[in-house]
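Work through the exercises below with the sequence and the model side by side. Try each task before reading its solution.

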Amino acid sequence: MKTYEELTTKISLALQSLSMIVTANLISKLNSMRASGMGNSNIKKILVVDLLSGGRIFGQLKRGVKRISKNGIEEAGNIASYKMFISKDYKEYKWVTVGRNICPDCRIRHGETGDISYFSTIGLPKSGFSVCEGNCNCQLVPVEYKGENLDKPIKYKKATEGRK
Ligand SMILES: [Zn+2]
């Protein structure tokens, strides 16, 4: 289980690596436009269009920041849940598979039970153990929890639906 400090470090490293990728792509795009003989004012126009339309360069930046923020907030929510469960002395947890596009790694985990240290070893939701990596929406709930239909994975249609 991560601490809030570890999560902060993870988020700042993810943002650093995103800015390096975006900068490298921007430089390479600039170089290829210059090499093709394009003047500054046309280069500027193309960049403005890319910025406004969420094109290859700035779209990547926008989507990346969105993904990192969303996953960071959700992971902080998971940490808060685990802290609360542990403080209430729940010992056994059940994996509830949740998502829009459920990956094969998460699908087979649905209904699996164990304690927090077991799940920490095999990989908590969003920990990066799965194909869906940080986009994982799965949840651990105390086995005592009898919520909505938990016999099957919870599938939702749009990325914006379904999260608390
Ligand atoms: Zn998952």
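Three exercises follow, each with a worked solution.

This is a predicted model, in which local features need pLDDT of at least 70, side-chain atom pairs count only at pLDDT 80 or more, and totals for chains, interfaces and linings use all residues. Residues are numbered from 1 along each chain as its sequence is written.

**Exercise 1.** Find how H1 and H3 are oriented to each other.

Solution. Locate helix H1 (residues 4-35) and helix H3 (residues 56-87); helices (H or I, at least four residues) and strands (E, at least two) are DSSP runs, numbered from the N terminus. Their axes, lines fitted to C-alpha atoms over the stretch in contact, are 10 Å apart at an angle of about 175 degrees. H1 is therefore roughly antiparallel to H3, a term for angles over 145 degrees, on a scale from 0 to 180 degrees between N-to-C directions.

**Exercise 2.** Determine which strands pair with E1, and how they run.

Solution. Pairing requires at least two bridges found by DSSP. Strand E1 (residues 93-96) has two bridges to E3 (residues 113-114), running antiparallel; here lysine 94 is opposite threonine 113. Four bridges join E1 to E4 (residues 139-142), also antiparallel, with tyrosine 93 opposite proline 142.

**Exercise 3.** Which element gives the most to the largest nonpolar core?

Solution. Such a core joins buried Ala, Val, Leu, Ile, Met, Phe, Trp, Tyr and Cys residues through C-beta atoms within 7 Å; buried means 20 or more other C-beta atoms within 10 Å of a residue's own, with C-beta atoms placed from the backbone. The largest has 11 residues, including Tyr93, Trp95, Val96 and Ile102. E1 gives the most, with three residues.

Notes:
Angles under 35 degrees count as roughly parallel, over 145 as roughly antiparallel, 65 to 115 as roughly perpendicular and the rest as oblique. A residue is buried if 20 or more other C-beta atoms lie within 10 Å of its own, exposed if 12 or fewer, and partly exposed in between; C-beta atoms are placed from the backbone.
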